[in-house]
Amino acid sequence: MLTFENISKTYGDKVLFDNISAVIEPTDRIGLIGVNGTGKSTLLKIIAGKDTAETGEFHHRKAYKIEYLAQDPELDDTLTVMEQIYYGDSTIMKAMRAYEKALYQLEQDPANENYQANLLETQEKMDKEAAWEANTVAKTILSKLGITEIDKNISSLSGGQRKRVAIAKSLIQPADLLILDEPTNHLDHDSVEWLEKYLRTYKGAILLVTHDRYFLNRVTNRIYELDHGKLYQYDGNYETFLEKKAEREAQELAAEQKHANTLRRELQWLKRGARARSTKQKARIQRVDELKQQTFQTKKEQLEFQVGSARLGKKVLEVKNITKSFGDKQVISNFHHLFIPGDRVGIIGPNGSGKTTLLNIMAKRLAPDSGEVETGKTVKIGYYTQSEEELDGELRVIDYIKETAEIIHTKDGEVITAEQMLERFLFSRNQQYSYIRTLSGGEKRRLYLLKILMTEPNVLFLDEPTNDLDIQTLSVLEDYLHYFPGVVITVSHDRYFLDRVVEQLLVFKGNGKIDLFYGNYSDHVSQEEQEITEKPIKSQTSNKPQSKKKKLSYLEKKEWDEIEDVITSLEEKVEAIEQQIADAGSDIEQVQSLYKEQRTIEQKLEEKMDRWEELSLLIEEISN
């Protein structure tokens, strides 16, 4: 295991963390969360040995190996993809690197006897190091991440491809502790879901930062929270963390109230001039001073107003038969869609399929090859892009926002100041007078997002708004969009965000085809899974005449009579296990065992629910 004790780090006048300590066990799956700027990435770098703390100590065994994936990974442009991925001095990595190189050479020139002899030699080394299993895992990782051209130079790769290579490298390298900083950024939905499943079976410990709440919930068994320089630790996944954090905040609120009552009593005692020896009087004064200096972190910002926007007429935006190609690749083919007031639309599809291109065409930043976009006269677009404008580091935070607007209006016509909006987007009054250059990357993204919203748009285009934003900011944004009276169109790979925000999906299917789906992301996934399940059944029975079923069989009737009681029983078991998990506290082995049992029962429950639906539809069909 790895332990760190009394770690402290400051950035200018800002204390990132103050004397924090923790233990990372071999089976830990830790999610690190906190508002942008609290020092999450800095803590990861310190643990990985890429940065230093001002105070504190680290302890682990001599051979302890840490593999670190940075948020913006640095790769060696002089290497090929293969050389970068199989990088490292371990004997297994050397054997795998030599074997892959020999295999590639022979594929280019199969008749070359030297290459044939070299391949045999590297195969013997693979046998000696028992590296075949590791190589199979490596090939699976490369395949799932879509990395096929391993002879390419790193310098020729796009940003998204570089991130995938960096992820593959970090997963393939043997490590006791795998540290991942925002691993899901720039990955499409399929890749995120594969990575999620892969990390559940990873042999070492994991410490990760991610804004993807579904990912966080399904991968982790512990949560670390950085908050105002302190590190709070919770056993359980993200869902458990939310429950336990609510309890902690309630306790802090009660402690703050108790503190206030004690301070009031002490002040009253001093004002009365109570008769006592002078030493007692001095002790009382000292106690009051200490109470006055004590602080509590109980203030929470809530976005509880109906935000305003420019008036939006009946006509919003109509895309008429647009087509767009880049070279030989057609990304949009004859696409037509009418957006109406109140629409909440998500755009999904693989990386490079044309999602951002569609947004740019609708915003009239890019012309289609054919077709047109008609925009209503009252439409005022606010466009949050992946590559935001360069923020002037010499401006103060408040001045940057006031350049756009000093106030905005609620739906009811009330005024909200720039200062109030900044507070709602997690910039304290003190921080508002900081220079932009002192902000973290995530804080700059949050500030840029707020500037877009301060223009009071009535149509919002959001291109990957969840990248680089912390979970708290995403919750604020989701609340804002909940009350937003205009139209929202967003490209996002964040499944939780899509589930909370959108009601329709435009799904890029490849070759320029875009399908419309009514529902959120989870609805879409459920339908796809159902179609995959039903397809082989349909193909087997399509040539046979279908006879209508007249009644339930004896076994089906018996199953129908009992199934609701079975479902209720399974639900009660899940609730009981959830309580056992809460009671288990920091007993990691017991928590993991209970989680495993919980997943098994939940799977049975899901199967029974699906069966209940099948039987109910069958009964309805027979009744009709």
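Helices are taken here as DSSP runs of at least four residues, numbered from the N terminus, and in this predicted model one such element, helix α7, spans residues 189-200 and holds both Trp 194 and Tyr 198, which lie 4 residues apart, about one turn of the helix. The centres of these two rings are 5.3 Å apart and their planes stand at 25°, so the pair is stacked, given that planes under 30 degrees apart count as such. Both Trp 194 and Tyr 198 are buried.

A second ring pair joins distant parts of the chain, since Tyr 384 belongs to strand β14 (residues 381-384) and Tyr 448 to helix α14 (residues 441-454), 64 residues apart. Here the ring centres of Tyr 384 and Tyr 448 are separated by 5.2 Å and the planes by 35°, so this pair is tilted. Tyr 384 is buried, with a relative accessible area of 0%, and Tyr 448, at 5% relative accessibility, also counts as buried. Across the whole structure, 11 aromatic pairs are found, and one aromatic cluster is formed by Tyr 234, Tyr 238 and Phe 241.

Charged side chains also lie over aromatic rings: Arg 218 is placed over the face of Tyr 214, at 4.8 Å from the ring centre, and the charged end of Arg 437 sits over the ring of Tyr 435, 4.5 Å from its centre.

Turning to helix packing, the axes of α3 (residues 91-108) and α5 (residues 132-144) come within 10 Å and cross at roughly 65°, in a right-handed crossing. The α3 residues Ile 92, Met 96, Tyr 99, Glu 100 and Leu 103 meet Trp 132, Ala 134, Asn 135, Ala 138 and Lys 139 of α5, and the residues of this contact comprise 7 nonpolar, 1 polar and 2 charged.

Definitions and conventions: Residues are numbered from 1 along each chain as its sequence is written. This is a predicted model: local features need pLDDT of at least 70, side-chain atom pairs count only at pLDDT 80 or more; totals for chains, interfaces and linings use all residues. Side-chain values use heavy atoms; hydrogens and water are left out. Axes are lines fitted to C-alpha atoms, for helices over the stretch in contact, and angles run from 0 to 180 degrees between N-to-C directions. Helices (H or I, at least four residues) and strands (E, at least two) are DSSP runs, numbered from the N terminus. A crossing is left-handed if the near helix is turned anticlockwise from the far one by less than a right angle, and right-handed if clockwise. Contact means heavy atoms within 4.5 Å. Ala, Val, Leu, Ile, Met, Phe, Trp, Tyr, Cys and Pro count as nonpolar, Asp, Glu, Lys and Arg as charged, and the others, Gly among them, as polar. Rings of Phe, Tyr and Trp (its six-membered ring) pair if their centres lie within 6.5 Å; planes under 30 degrees apart count as stacked, over 60 as edge-to-face and the rest as tilted. Buried means under 20% relative accessible area, exposed over 50%, partly exposed in between (1.4 Å probe, protein chains only). A charge sits over a ring if NZ of Lys or CZ of Arg is within 6 Å of the ring centre and within 35 degrees of the ring normal.
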